[in-house]
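The following exchange examines how certain structural terms are justified for this model. Each answer sets a value against its definition.

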Amino acid sequence: MKTKFFALFVSLLCFLFIFTSCADKSSEKSKPPENPAGEDGKITILLDAGHGFGDVGCTSEYLNGLYEYELTWHLTEDLAKKLETKGYTVLLTHNGEIYPSVSDICERADALGIGYMADKMNAENNVFDAYERAVHSSVLDSEVEIDLLLSIHVNANADSNEVTGFEIDYCAENESSEMTKFVFDSICSSLERDFEGRRLKKFADSWNMAFIITKYTTMPSILFETGFASTPSDAELLLDTAWRSKLTDSLADGISKYFELEH
Ligand SMILES: [Zn+2]
């Protein structure tokens, strides 16, 4: 009997040991990085104004002739200024007028030893597509250490003109996803506080569901859909410069709260 009790006691100890070490691991995982600025100690944000250059993105009869690429550029330019005022280094995947050539991206990627799918790099089509942007972003990350990539878009729904709100995505299977989650949560909190009552749909996508720019990148990468061009009330907000400014304030605040370790 005694031996049985001893064996039971040892098993219980083993169970407790395994349980507590697992619990430790999971709490370790949920801790934000101690130094979100990374090894260089400098915070560099890369902004990507979605679309442009042969790809106008979405539009609708409610956007007064504007296209997604024009709205994303206005938002990106505005957010860049606000982040710079807060002291961050801001880079852009393109400047609204020109984008890096595919041959330049490939040359730099080759020199840095960054792998990419050569057949997806298309110099002929005159489109700076999501995959090329992702490789370009990874090149910049290797060159200057990017701490966050935020790609800004406008949504559209083909079946309904009643869907409203924000949508925000990151790839849960990207190599940086554990870090991304914290800045993602910080941006979401900011949006929830500043746009109370507005729908905010959050996606931590699997590899298959994720947007290209959030998965083929080496740094924390988030794609943000600002509103639905296909819904009259959202289109009205997207055209309103005061509302857009409130939105870029909120994004800048969410980003800052994370990098200043105010979480
Ligand atoms: Zn888009």
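Q: What makes two strands a pair in this predicted model?
A: Two strands are called paired if DSSP finds at least two bridges between them. The model is a predicted one.

Q: How do you know that strand E1 and E3 pair?
A: Strand E1 (residues 44-49) and E3 share 5 bridges in the parallel sense; the definition asks for at least two, so the two strands count as paired. Within this pairing, Leu 47 stands opposite Leu 150 in E3.

Q: Why is strand E6 called a partner of E3?
A: There are 6 bridges between E3 and strand E6 (residues 221-228), running in the parallel sense. Because at least two are required, E3 and E6 pair. Phe 224 in E6 is the bridge partner of Ile 152.

Q: What makes strand E3 mostly covered?
A: A residue is buried when its relative accessible area is under 20%, and 8 of the 8 residues in E3 (residues 148-155) are buried. Both faces are covered: one side carries Leu 148, Leu 150, Ile 152 and Val 154, the other Leu 149, Ser 151, His 153 and Asn 155.

Q: Why are His 51, Glu 68 and His 153 called donors of the zinc ion?
A: Donor atoms must lie within 2.8 Å of the metal. His 51 (NE2), Glu 68 (OE) and His 153 (ND1) coordinate the zinc ion at 2.1 to 2.2 Å, so they satisfy the cut-off. Glu 68 lies in helix H2 (residues 68-85) and His 153 in strand E3, so this pair ties together parts that are 85 residues apart in sequence. Both Glu 68 and His 153 are buried.

Notes. Residues numbered from 1 in each chain as written. Predicted model: local features only at pLDDT ≥ 70, side-chain atom pairs only at ≥ 80, totals over all residues. Heavy atoms only, no water. Buried < 20%, exposed > 50% of the residue type's maximum accessible area, 1.4 Å probe, protein only. Helix = DSSP H or I, 4+ residues; strand = E, 2+ residues; numbered from the N terminus. Donors = N, O, S within 2.8 Å, 3.2 Å for Na, K, Ca; no water.
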